Amino acid sequence: MTVLLKLDGVCASYGDVGVLSRLNLQVSRGGITAILGANGAGKTTLLRTIFNVLVRRQGRVQFEGEDITHLRTPQVVRLGITHVPDGRGTFAQLSVEDNLLLGGYTLGSSQFVRKGMDRVYDLFPRLKERCRQQAGTLSGGEQQMLAIGRALMPNPKLILLDEPSFGLAPQIVAEIFKTLKNINQAGVSLLLVEQNAKIALSVASHVCLIETGEVIRSGPAEELQGDETVRKVYLGY
Ligand code: ATP
């Protein structure tokens, strides 16, 4: 496996409240890495820590061998990492198109922005149909598509996804995960945090279990899928 993203001894906290403690993690280039863990284990915090939003962090984060620990979020985006946050974070008052334009703010040239937009509309024709609609009036599934589309705009190498299945009907979840698989097959690596272990394991190449801010187990998905603890705790059988 070629390592795309590497975390060494990463600690993260909100003020004095420590959440991640000396966490080590490797994300493979070209793969889909799923992070599983109970409520409050620190999954959302892990993604925020990589993207350098909202948390205080220590330790070392490397992307493509480059130390990005002290980079600000816009620089992290320019290097090729984007984030689909929990709750989707779309701008309710803005149109679908304006949300996508904001996702492409680092692109500069209008030609690249147009290309990004075409790529997103090819993947999500429903967004094209609704390009003038206010994001806040979209269905939950459409808002998730918009959040993923916005993260695709700068043509990233790695997308951090926080619970893309949250609050969605099973059919929409299946549709979204099929698209995520397509995005990955087009060469974009994914780091996915999920409560829905079944769907996450169905697409993941690697799996990482976290408990109280520490990685307790990681490995290839097929290996962990057969693991008794994973089956009992995360899959319920
Ligand atoms: P869930 O699956 O329930 O979303 P999670 O594994 O994503 O959980 P986090 O959201 O990372 O967990 O939260 C880890 C811990 O950090 C929790 O104890 C939470 O209360 C705390 N926490 C999260 N956000 C903040 C914040 N902004 N300020 C203070 N504490 C926070």
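**Exercise 1. Describe the salt bridge between glutamate 142 and arginine 130, and state where its two residues lie.**

Solution. In this predicted model, the side chains of glutamate 142 and arginine 130 form a salt bridge with an N to O distance of 3.1 Å. The criterion is a side-chain nitrogen of Lys or Arg within 4 Å of a carboxyl oxygen of Asp or Glu. The pair links distant parts of the chain, with glutamate 142 in helix α6 and arginine 130 in the loop between α5 and α6, 12 residues apart. Helices (H or I, at least four residues) and strands (E, at least two) are DSSP runs, numbered from the N terminus. Next, accessibility: arginine 130 is partly exposed at 23% relative accessibility, whereas glutamate 142 is buried at 7%. Here buried means under 20% relative accessible area, exposed over 50%, and partly exposed in between (1.4 Å probe, protein chains only).

Residues are numbered from 1 along each chain as its sequence is written. Because the model is predicted, local features need pLDDT of at least 70 and side-chain atom pairs count only at pLDDT 80 or more, while totals for chains, interfaces and linings use all residues; side-chain values use heavy atoms, with hydrogens and water left out.

**Exercise 2. Trace the network of salt bridges that includes arginine 126.**

Solution. Start with glutamate 142, whose side chain also meets that of arginine 126 in a salt bridge (3.9 Å, N to O). Arginine 126 lies in helix α5 (residues 125-129) and glutamate 142 in helix α6 (residues 140-152), so this pair ties together parts 16 residues apart in sequence. Arginine 126 is partly exposed, its relative accessible area being 26%. Then add the salt bridge of arginine 126 with glutamate 175, at 2.8 Å from N to O. Through shared partners, salt bridges join Arg126, Glu129, Arg130, Glu142 and Glu175 into one network.

**Exercise 3. Characterise the interface between domain 1 and domain 2.**

Solution. First, the bounds: domain 1 covers 1-80 + 157-237 and domain 2 covers 89-155, as set by an automatic or database domain assignment. Their centres, taken over C-alpha atoms, are 23 Å apart. Second, the contacts: 15 residues of domain 1 touch 14 residues of domain 2, contact meaning heavy atoms within 4.5 Å. Third, the area: about 1100 Å² is buried between the domains, 74% of it from carbon and sulfur atoms. Buried area is the accessible area (1.4 Å probe) that two parts lose on being put together, summed over both. Fourth, the charged pairs: the rule finds 1 salt bridge across this interface. Fifth, the elements: α2 (73-79), β7 (158-162) and α7 (170-185) each give two or more residues to the side of domain 1 that touches domain 2. Of these, α7 gives the most, with 6 residues.

**Exercise 4. Explain what the salt bridge between aspartate 86 and arginine 48 ties together.**

Solution. The closest N and O atoms of aspartate 86 and arginine 48 are 4.0 Å apart. Aspartate 86 lies in the loop between β6 (81-84) and α3 (96-103) and arginine 48 in helix α1 (residues 43-51), so the bridge ties together parts 38 residues apart in sequence. Aspartate 86 is partly exposed at 38% relative accessible area, while arginine 48 is buried at 18%. By this rule the total is 11 salt bridges.
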